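Here are a few notes to read beside the model. Please keep the sequence and the 3D view open as you go.

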Amino acid sequence: MTNKVIMYTDGACRGNPGPGGWGVILHYGNTQKTLKGFDPDTTNNRMELTAVIEGLRALRRSCSVELNTDSKYVLQGINVWIDNWKSNGWKTAGKKQVKNVDLWQLLEQETVRHRIIWHWVKAHSGIRGNEMADQLANQAIDIEAIN
C-alpha cells in the first residue's frame with residue numbers, strides 16, 4: 001500500500017438539528033481534491049461522520065491515509081467504542097441504541113479498505129487543511145440556503 005493520502009474532514013450544522021454540510025480536503029502527492037455535501041435536516045455529528053465516509057469513499061484503491069479531524073466523537077467512536085457497540089448489538093454501555101448507527105456501520109466498511117492513521121486537530125486553530133474543510137462544509141450549507 002504505497003498510495004499515501006493526507007485527508008482533512010469537517011462537518012457543520014446550523015441548528016443541530018438543522019441544515020448541515022460536510023467538507024473534505026484530499027492531498028495525494030502534488031494533487032489536491034475537495035469534496036463537499038449538504039443535508040437539509042441533520043446534526044453536527046452526522047456531518048462529521050459523513051465527511052470521513054465520503055472522503056474514504058472517494059479513494060478508488062487502498063491507501064495509507066493520514067486522516068485529520070476535529071471531531072473527538074468520530075475519533076473515540078472508531079478507535080474506542082465501536083468494538084463494544086458491535087458486541088452489544090449496537091447498544092451503548094447504558095443499553096441504549098447507538099446514535100448514528102447507520103453511519104458508524106458505513107464508516108467501518110470504508111475503514112477496512114485502507115490503513116488509516118487517525119489524528120485529532122483543534123478546530124479553528126489555523127491548521128490550513130482543517131480550516132479549508134470547515135469552509136467547504138459551510139459553503140455547502142450556504143449554497144443550498146440560496147437555492
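1. A definition comes first: two strands count as paired if DSSP finds at least two bridges between them. Strands of a sheet pair through backbone hydrogen bonds, either parallel or antiparallel. Bear in mind that this model is predicted.

2. Start with the sheet. It is open and has five strands. Their order is S3-S2-S1-S4-S5, and the pairing is mixed. Strand S3 (31–42) and strand S5 (115–120) are the edge strands; each pairs on one side only. From one strand to the next, the twist averages 20°.

3. Now look at one pair. Strand S2 covers residues 18–28. Its pairing with S3 is antiparallel and runs over ten bridges. Which residue in S3 stands opposite His27? Gln32 does.

4. Next, find the helix on the sheet. Helix H4 spans residues 128–146 and packs there. Helix H4 touches strand S1 (4–13), S2 and S3. The direction of H4 makes about 140° with that of S2.

5. Last, check Asp41, which lies in strand S3. Is Asp41 buried or exposed? The cut-off for exposed is over 50% relative accessible area. Asp41 has 59%, so it is exposed.

6. Asp41 also has contacts to trace. Setting aside neighbours within four places in sequence, Asp41 is in contact with Pro17 and Gly18. Thr69 is 28 residues from Asp41 along the chain. The C-alpha atoms of Asp41 and Thr69 are separated by 22 Å.

Notes: Residues are numbered from 1 along each chain as its sequence is written. This is a predicted model: local features need pLDDT of at least 70, side-chain atom pairs count only at pLDDT 80 or more; totals for chains, interfaces and linings use all residues. Side-chain values use heavy atoms; hydrogens and water are left out. Helices (H or I, at least four residues) and strands (E, at least two) are DSSP runs, numbered from the N terminus. Axes are lines fitted to C-alpha atoms, for helices over the stretch in contact, and angles run from 0 to 180 degrees between N-to-C directions. Contact means heavy atoms within 4.5 Å. Buried means under 20% relative accessible area, exposed over 50%, partly exposed in between (1.4 Å probe, protein chains only).
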